[in-house]
Amino acid sequence: MLQEFKRTIHLDASPDAVWGAVNDVHRVASWLSIVREVRDVEAPRRYVALLEDRLGPFAMRADLDLTVERADGRRMRVSAGGEDRQVASRIAASIELAVEPHGAGTSLAVTGRYEVTGRVATLGAGAIRRKSDKILQEFCENASKELGGRGPAAQPVESP
């Protein structure tokens, strides 16, 4: 099951402050309750992390390999992949973060795609999409708390 997503949040913090925050892999991981035990492999490019979550009847526990690529400007791509052998499922994700000035603050665009295969995928696209939307919402809320979300715009804006 392959799914794409796109969200933008508006923050009061300066573009430099937001870029500094998203470049700190350990800090960003703390914004996601399903990510545990982030370890440096070849910082600032390679990391490993433990993903733990419950999806329907499945308790997932997967070691993820993370690769971070920084592009010109304030853009980065994070690739993650791992497998939970207990529930015979695999997850792969590619996420792009873009930091842009927005008025007196900053916009943080989060776009990407993920794929879940194996036994967990038998739950269906709807259940997996709901879970992923909840995780993305948690990321946006925690980024907003730390970096000063602005009024109603602090809520993630779903892009078509």
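**Exercise 1. In which loop is the place of Pro44?** Then describe the peptide bond before Pro44.

*Solution.* A word on the ground rules: this is a predicted model, in which local features need pLDDT of at least 70, side-chain atom pairs count only at pLDDT 80 or more, and totals for chains, interfaces and linings use all residues. Residues are numbered from 1 along each chain as its sequence is written, and side-chain values use heavy atoms, with hydrogens and water left out.

Step 1: Pro44 sits in the loop between β2 (35-42) and β3 (46-55). Helices (H or I, at least four residues) and strands (E, at least two) are DSSP runs, numbered from the N terminus.

Step 2: Now look at the link from Ala43 to Pro44, a cis peptide bond with omega near 10 degrees.

**Exercise 2. Outline the fold and its overall dimensions.**

*Solution.* Step 1: Count the elements, and you get 3 helices and 8 strands. In sequence order they read β-α-α-β-β-β-β-β-β-α-β.

Step 2: Turn to the dimensions. The C-alpha trace spans about 50 × 35 × 25 Å along its principal axes. The radius of gyration is 16 Å, which agrees with the value near 15 Å for a compact globule of 160 residues. That radius is taken over C-alpha atoms, and the globule rule is 2.2 Å times the number of residues to the power 0.38.

Step 3: Check burial. Buried residues make up 44% of the 160 residues, where buried means under 20% relative accessible area, exposed over 50%, and partly exposed in between (1.4 Å probe, protein chains only).

Step 4: Check the contacts. Of those between residues at least 6 apart in sequence, 54% join residues at least 24 apart; contact means heavy atoms within 4.5 Å.

**Exercise 3. Which residues of helix α1 are buried, and how are they arranged around the axis?**

*Solution.* Step 1: Helix α1 covers residues 15-22, and its buried residues are Pro15, Val18, Trp19, Ala21 and Val22.

Step 2: Viewed down the axis of α1, these buried residues fall within an arc of 160 degrees, so they line one face of the helix. The arc is that of the directions from the helix axis to the C-beta atoms.

Step 3: Recall the geometry behind such a pattern: an α-helix has 3.6 residues a turn, so residues three or four places apart point the same way.

**Exercise 4. Is Asp84 buried or exposed, and which residues is Asp84 in contact with beyond its neighbours within four places in sequence?**

*Solution.* Step 1: Find Asp84 in strand β5 (residues 75-84). Its relative accessibility is 2%, so Asp84 counts as buried.

Step 2: Leaving aside neighbours within four places in sequence, the contacts of Asp84 are Ala59, Met60, Arg61, Ala62 and Ser89.

Step 3: Asp84 and Glu52 are 32 residues apart in sequence, and their C-alpha atoms are 9.7 Å apart in space.

**Exercise 5. Which values of phi do Glu37 and Ala88 have, and where do these residues lie?**

*Solution.* Step 1: Glu37 is not a glycine, yet its phi is positive, about 50 degrees. Glu37 belongs to strand β2.

Step 2: Ala88, also not a glycine, has a positive phi of about 50 degrees. Ala88 lies in the loop between β5 and β6 (89-102) and is partly exposed, with a relative accessible area of 42%.

**Exercise 6. How far apart in space are the C-alpha atoms of Asp12 and Ala104?**

*Solution.* Step 1: Place Asp12 in the loop between β1 (2-11) and α1; at 43% relative accessibility, Asp12 is partly exposed.

Step 2: Although 92 residues separate Asp12 and Ala104 along the chain, their C-alpha atoms are 7.0 Å apart.
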